[in-house]
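Grab a pencil and work through these exercises with the model open beside you. Try each task before you read its solution.

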Amino acid sequence: MTDVTARDLIAMFDAIGTMIETNKGHLSELDGVIGDADHGVTMDIGFSAVREALAALDASASDPTTVFNTAAKSFLNAVGASSGPLYATAFMRAGAAVKGKASLDRDAMVDAVAAMAKGIQDRGKATRGEKTMVDAWLPGAEAAEAARDAGRPLNACLAAAAAAAEEGAEATKAMMATKGRASRLGERAIGHMDPGAASAALMLKTIAETFAG
């Protein structure tokens with residue numbers, strides 16, 4: 001595809017918002033087993049705010065950094081729970097990674113995905129294997145970078161990210177949580193997918209689908 005514009009990113013966030021709205025019940029059910037059963041609702045509130053804020057932007061007069069920064073501010077303002085600062089940091093880092101670019105080529109878009117993953121990891125002070133969204137975001141970002149390094153086109157890089165994130169989310173079922181509310185359950189959390197990893201995998205799948213062409 002041609003380079004990713006601000007308009008394309010707005011469409012991407014809109015698609016993510018639609019996906020979250022569709023899956024909010026499922027995500028809250030996952031959270032009900034090991035958390036406080038509100039992850040889907042919280043994410044839906046956040047992305048509804050993002051969609052509303054981005055709809056008010058003049059896409060033709062905006063650059064990718066403006067889109068990411070607007071998404072960050074609106075998500076944080078709408079969501080006070082832990083996912084608020086995490087995704088606000090993710091989107092701010094993505095905006096910083098592509099600062100000054102009028103549109104994003106393959107390398108810049110992969111950099112944005114990697115920046116989101118790193119932002120979430122840094123803000124949450126999490127590492128892989130702790131049964132968090134990092135277990136989906138980090139493998140996803142690494143797979144995208146590996147595909148880019150192998151010379152694959154953007155759609156293949158994002159498809160690789162989605163597949164690795166899904167695999168990472170699935171792997172959280174076997175993990176014992178060491179962070180957040182789920183950590184109180186000890187071994188009882190084993191066998192259940194982390195809801196944050198589940199939503200992260202769905203997000204990366206939606207991003208891949210948005211740019212599949």
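**Exercise 1. Find out whether Lys131 is buried or exposed, then look at its backbone.**

Step 1: Lys131 has a relative accessible area of 2%, so it is buried. The cut-offs are under 20% for buried, over 50% for exposed and partly exposed in between, with a 1.4 Å probe and protein chains only as cover.
Step 2: Find its place: Lys131 sits in the loop between α5 and α6.
Step 3: Check the backbone. Lys131 isn't a glycine, yet its phi is positive, about 60 degrees. Most residues other than glycine have a negative phi.

Before you go on, a word about the model. It is predicted, so local features need pLDDT of at least 70 and side-chain atom pairs count only at pLDDT 80 or more, while totals for chains, interfaces and linings use all residues. Residues are numbered from 1 along each chain as its sequence is written, and side-chain values use heavy atoms, with hydrogens and water left out.

**Exercise 2. Do the same for Lys125: is it buried or exposed?**

Step 1: Lys125 is in the loop between α5 and α6.
Step 2: Its phi is positive too, about 50 degrees, although Lys125 is not a glycine.
Step 3: Now the accessibility: at 65%, Lys125 counts as exposed.

**Exercise 3. Work out which elements the chain has and in what order.**

Step 1: Count them: there are 8 helices and 0 strands. Both are DSSP runs numbered from the N terminus: helices are H or I with at least four residues, strands are E with at least two.
Step 2: Read from the N terminus, and you get α-α-α-α-α-α-α-α.

**Exercise 4. Test the length of helix α6, then ask what covers it.**

Step 1: Helix α6 covers residues 134-149, which is 16 residues.
Step 2: The expected span is 1.5 Å times one less than the number of residues. For α6 that gives 22 Å, and the end C-alpha atoms are 22 Å apart, so the two agree.
Step 3: Of its 16 residues, 12 are buried, so α6 is largely enclosed by the rest of the structure. Among them are Trp137, Leu138 and Arg148.
Step 4: The cover over these buried residues includes α4 (83-97), α5 (106-124), α7 (154-171) and α8 (195-210).
Step 5: Go just past the end of α6, and you meet Gly151 with a positive phi of about 85 degrees.

**Exercise 5. Find which residues Thr42 touches, leaving out those up to four places away in sequence.**

Step 1: Thr42 belongs to helix α2 (residues 39-55).
Step 2: Its relative accessibility is 11%, so Thr42 counts as buried.
Step 3: A contact means heavy atoms within 4.5 Å. With that rule, Thr42 touches Val79, Ala81 and Ser83.

**Exercise 6. Check the size of the chain against the globule rule.**

Step 1: The rule is 2.2 Å times the number of residues to the power 0.38, and the radius of gyration is taken over C-alpha atoms.
Step 2: For 213 residues, a compact globule would have a radius near 17 Å; the chain has 16 Å, which agrees.
Step 3: Along the principal axes, the C-alpha atoms fill a box of roughly 50 × 40 × 30 Å.
Step 4: Finish with burial: 51% of the 213 residues are buried.
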